[in-house]
Amino acid sequence: MNQVKLKLNQLSPNPRQVICDLMEQLPPVGESLGNEISLAKRFDTSRTTIRTALNFLESHDCVKIIPRKGVFLKNSFTVPQPRAAFRQKREEYLYIRWCDSILCQELGRGFELCAREHNINVATIDINSDANLQQSILTSIPDYIKGIIILPSSDKYLAVVLNQLVKRGIKVVQVDRSIKFSSTPSLEVAFDNYSGAVEAVKLLLTQHKQPVYFCGYREQSSTYKRYMGWYDTMCHYGYCKPDEFLIDLASTNFSIEYASDNFLKATADMLEQFLSEVKEFPISIFAVSDHVARVVYQVAEKLNLRPGKDIYIIGFDDLPFAAEMTPPLTSIKVDRQQLGRVAAEMLFDNDNFLHSKLLPVELIVRASSGGADALNVI
């Protein structure tokens, strides 16, 4: 007996769902699956949907259709994951989790807690930073799904796929970053990245009376707003050409996680070259994330430079390791679990008077930004 591995990309969502449900309850090879009418009743769908699914299975040598007798299993079949995420029970909402980062994990916890409070069935699908898998999942979401939460990738086809979901009546809430995919306002929730950057840069500028370098990238909407917060604050304090102080990481191996090994290695190489060419210290740096700030620490140690004294630095996200660094890293604190809760509320709300919402952030001052606190640590 052969087991056929099916790829369902070319099928529309409803026939895909029928095939996935059939796969869970396959009879022995040679036995009947039923007929078109019985299958339509069994899966609560139209005969047209059943016919499309059966024709697909027959074309892949999985079933044999005998007129007036029924459909018989010829070879067992499987479908690739993550279709299993749509089986078991009919969840109403999905969280498409990009990766296993702290942001994605805590966002998911907030989503699930909110769903539990509302007694709503939800599911999380992991895509492991795979844009192609993300697209495959989004194009195969069944009709009973009411909405999804997603951290959109930079994949150029994603806008088309999201627009198709909205046209099918499936709500889409973008979190942390966003892309434009429709002429109507999309549902978005994010941190106030702009204001957080303004507060960080203002602290460095007023405390040290020198320009602040921006170390990061601008490809995501969230990081672009951090960049603009830095840019506008620099202009406000009299630095009319801020990009002269830009350490642009866009030429590195960019990843939506901004924590991949390739990205961090490329960042370290660029920072080592930059810091080796600086003629006079101290300097001030606003890092686009705590991950990038940690790389600054590592390169500084290699070059015998001291964060908090030779390099005044502030990160963003206030990840758990920030307070444990030497010296502790000044950072912008964000409530990642609250991000998931607010996104869920937006998803479950049938009115949606607000299309977008910004969550407040908080500047947590520690020794790395210099000043009296740093002198007590270094």
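In this predicted model, the charged end of Arg294 is placed over the ring of Phe321, at 3.8 Å from the ring's centre. A second arrangement of this kind involves Arg226, which lies over the face of Phe316, 3.8 Å from the ring centre. Phe316 also belongs to an aromatic cluster, whose other members are Phe214, Tyr224, Tyr227, Trp230, Tyr231 and Phe286. Arg226 thus offers a handy starting point for anyone wishing to find this cluster on screen, since the ring beneath Arg226 is that of Phe316.

Aromatic pairing can then be followed through the rest of the protein, where the count comes to 15 aromatic pairs. One edge-to-face example is formed by Tyr213 and Phe245, with 5.5 Å between the ring centres and 75° between the planes. Tyr213 is part of strand E11 (residues 212-216), while Phe245 sits in the loop between helix H8 (221-236) and strand E12 (246-248), so this pair ties together parts that are 32 residues apart in sequence. Both partners are sheltered: Tyr213 has a relative accessibility of 17% and counts as buried because the cut-off is 20%, and Phe245, at 17% as well, is likewise buried.

Attention turns next to strand E10 (residues 187-191). Four of its five residues are buried, so the strand is largely enclosed by the rest of the structure. Its pairing with two other strands helps to place it in the fold. Strand E9 (residues 171-175) runs parallel to E10 and is joined to it by three bridges; within this pairing, Val173 has Leu187 of E10 as its bridge partner. E10 also pairs with strand E16 (residues 356-359), again in the parallel sense, over four bridges. Here Ala190 is matched with Leu358 of E16. Readers tracing the chain may enjoy following E10 from one partner to the other, from the bridge between Val173 and Leu187 to that between Ala190 and Leu358.

These details belong to a protein with 12 helices and 17 strands. Of its 378 residues, 52% count as buried. Contacts across the sequence are well represented: among contacts with a separation of 6 or more, 70% are accounted for by residues 24 or more positions apart. At the surface, the protein exposes about 18,000 Å², of which carbon and sulfur atoms supply 48%.

Terms used. Residues numbered from 1 in each chain as written. Predicted model: local features only at pLDDT ≥ 70, side-chain atom pairs only at ≥ 80, totals over all residues. Heavy atoms only, no water. Phe/Tyr/Trp six-rings, centres within 6.5 Å; stacked < 30°, edge-to-face > 60°. Buried < 20%, exposed > 50% of the residue type's maximum accessible area, 1.4 Å probe, protein only. Lys NZ or Arg CZ within 6 Å of the ring centre and 35° of its normal. Pairing = 2+ DSSP bridges. Contact = heavy atoms within 4.5 Å. Areas by Shrake-Rupley, 256 points an atom, 1.4 Å probe, with all protein chains shown as cover.
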